[in-house]
Every structure is written in structure tokens, then in C-alpha cells.
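User: Could you take a close look at one annotated position for me, and then at what surrounds the ligand? I'd like it in plain words.

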Amino acid sequence: MTETLDFQIFTQTWKIALQDCADAQSLEDIRLQLLGKTGLITLQLKELGKLSPDLRREQGALLNAARDELTQCLANRKVVLEQQGLAERLRSETLDVTLPARPHKSGKIHLFTKVIQDIHTYFCDLGFQTIEGPEVEDEHHNFDALNFQSHHPARHEHDTFYLKDMPGWLLRTHTSTTQIRTLKLQQPPLRIISTGRVYRSDDLDATHTPMFHQLEGLVLEPGIHIGHLKGCLTDFCRHFFNNKDLQVRFRPSFFPFTEPSMEVDILYTNTKGEKKWLEVLGSGMVHPNVLRHCSIDAEVVQGFAFGIGVERLVMLKYGLTDIRQLYHSDQRWLDHYGQGC
Ligand code: PHE
């Protein structure tokens, strides 16, 4: 009878302690005091073996009952504390919409990407479609189909990166390859532009890198003549340099895949106020041999093509003197020249 009373008092006392327990840590402390390796109930259970069988049965039943009751109380208290904790978090973590915004540093678009996007938007507004072509090309697309003679200097290893283990394959030296790739898939009328990386074994200096970007344009429609070429490219230069009076001149030149061929120069005023003619792109009327290669009747369809060195345009527009600035990822440069979305 004495033991029964002891267990009741024991259980009651700990139940009160559990009720008073205010956080998960104190609850865990109590659990260890009672049921841990050296906890009170654990030790009592170990002592049972020393008792006589009758007493062991009686004490065992009481002890188990106390353990079960306290274990249940521990679980109940745990649930209550968790609910209280959640309610408290919901109360304290409310969103104060009146707080001032935290300073926010967002990324910017690289100047170079922005320029390409702007040029694409300009030409897409004129009905041009953008296409892509591979950077690893074969001699057929890079030279033969574009009417390059077998002795043309651009073919020499000196200018072109040939692939060592793939005879006849190379890193494209210009985006004019995309003219051929398009004409094999699509019949005129068409207007396309294509931007991408091209490779030439140029020396690395302030204005040359072995990899640079070109933007290729091709217009093929019945009735297209050199006046369309001049109008289209003059308007483009004036738009790009944001100067409606910009002087643009067409200078005779040579490309195997256009006839006649022309370099396009702009009258550029540098920071010292000096005016200079600067070449900004190559262009010309598509050579009949190129059309023939792609089974297009040169008597019916005519057109023009142009190729723009994108780095050069970016450098001129933003007054950059070193092409390598575009690729260095210098955070200060990126912060300064980065563009909004
Ligand atoms: N592919 C020429 C170059 O790399 C540029 C060009 C393209 C010229 C289209 C005329 C027509 O220099």
C-alpha cells in the first residue's frame, strides 16, 4: 500500500513538473531524468530483478503504469508546446508591408548581349528571321559553296583553325556559312540574320582576338537591287549610332560570294573631335555562283548580303579601346557598362 501511494505521488509530482515545463529543452531534460539511461524509472525497472517474485509482479505493474502515464503526458505536453511555438511564430513573423525595401542588387545584361539583342530587334522589325549555324564547319560551307577559289588566302592554315583529327573540318571563319545552310533548307523569298562566334588565327592585341562575333544578313527576293542594300544598311548604321545625319559611304571591295562587293564606312568623330572614315561592315549583291550552288535561278531572284563585326560596332559606339574588356568579366567594368533589362 505504501508503494502504491509512493507511485501516485511520484506520478503526480512529475505530471505537475511537465505542466510547468515551458519549452522543448526542459521537456527533453525531464524525459531524460525519467526515462534516460540513468533515469529514475529506468533504474527502478532494473531494481525489479532483485525483488521477490510477488513483490516484483506488484511493483512491476505499478512502475509500468507510472511509466506509461508519464510517457503519455510527455507526448501531450510536446504537442501543446509545438502548437504554442507555431502560434507564437505566426504572431511574431507577420509581414510588415510598411517597412522600407531592402537595398537590392540585381544583375545586369552584358553590354555585348544588349547590343546583339538591339540589332536583332531592329532587323526583326524589318521582317528578318533569326537563324543559327554551327561553329564547327566543313570546307564546303565555309569556302566552296561561297565561291572561294582553291588558292584563296583565307583557306591557308595561317588564317583558319583546321581541326587536327578531322580533315576538311574547321572552326568557321565567318557567319556567311549560314547563307548556304539556309538556302539548302529554304527557298526565297527570305530575309535572315544570324549572329555567332567565328574564329581566325589573329594575333591577340587590343583590337583582335582569335574568336569574335559576326552578324550575317541575307535578303533574297525577286526585284531586289543595290538600292535596297544601300538603303537598308544606311538606315541601320544611323539607327545603331543614334544619329539620323550620320554619313555613310560604300567603298568598292572584294568578297568571293558577292558581286559587286562593298565595305561600308561611317564618318566617325572621336573623343578629340577628329573625324575619320571607319569601316563597320562588309556587304554586296549575292554572287550568281552562290545561288547556282544552291539551285536557285539567279535570273529570277536577286539579293544582298552583309556581315557585321559585332565587337567593332560595340567598341565604336561605347568608345572602348581594348576589345579584351568585353571578355574579361571585370566586375567594375560590368557594373559600369551593364545594361538594364
Ligand atoms: N563574310 C565576310 C567577312 O567575314 C563579310 C561579308 C558578309 C561580306 C556578307 C559580304 C557579304 O569579312
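Analyst:
**A look at Glu259 and the ligand**

Let's start in strand E7, which runs over residues 258-269 and holds glutamate 259. Keep in mind that this is a predicted model. Why pick this residue? The UniProt annotation "binding site", from an unreviewed entry, covers Glu259. Is its side of the story buried or exposed? Glutamate 259 comes out as partly exposed, because its relative accessible area is 48%, and the cut-offs for that class are 20% and 50%. As for its company, leaving aside residues up to four places away in sequence, glutamate 259 touches Met285 and His287.

Now to the ligand. There are 14 residues around it, and the closest are His174, Ser176, Arg200, Gln214 and Gly307. Three of these side chains are worth a closer look, each through an N or O atom. Histidine 174 puts one such side-chain atom 3.0 Å from a nitrogen atom of the ligand. Serine 176 does likewise, with its side-chain N or O atom 2.9 Å from a ligand nitrogen. With glutamine 214, the partner is an oxygen atom of the ligand, and the distance to the side-chain N or O atom is 2.9 Å. Taken alone, the ligand would expose 330 Å², and the protein buries 90% of that.

Finally, the wider layout. The chain is split into domain 1, residues 7-92, and domain 2, residues 111-337. Going by C-alpha atoms, the centres of domain 1 and domain 2 are 82 Å apart.

Notes
Residues numbered from 1 in each chain as written. Predicted model: local features only at pLDDT ≥ 70, side-chain atom pairs only at ≥ 80, totals over all residues. Heavy atoms only, no water. UniProt positions renumbered as here; feature names shortened; annotations may be inferred. Helix = DSSP H or I, 4+ residues; strand = E, 2+ residues; numbered from the N terminus. Buried < 20%, exposed > 50% of the residue type's maximum accessible area, 1.4 Å probe, protein only. Contact = heavy atoms within 4.5 Å. Near = heavy atom within 4 Å. Polar contact = N/O pair within 3.5 Å; in protein donor to acceptor, adjacent residues only side chain to side chain. Areas by Shrake-Rupley, 256 points an atom, 1.4 Å probe, with all protein chains shown as cover. Domains from an automatic or database assignment.
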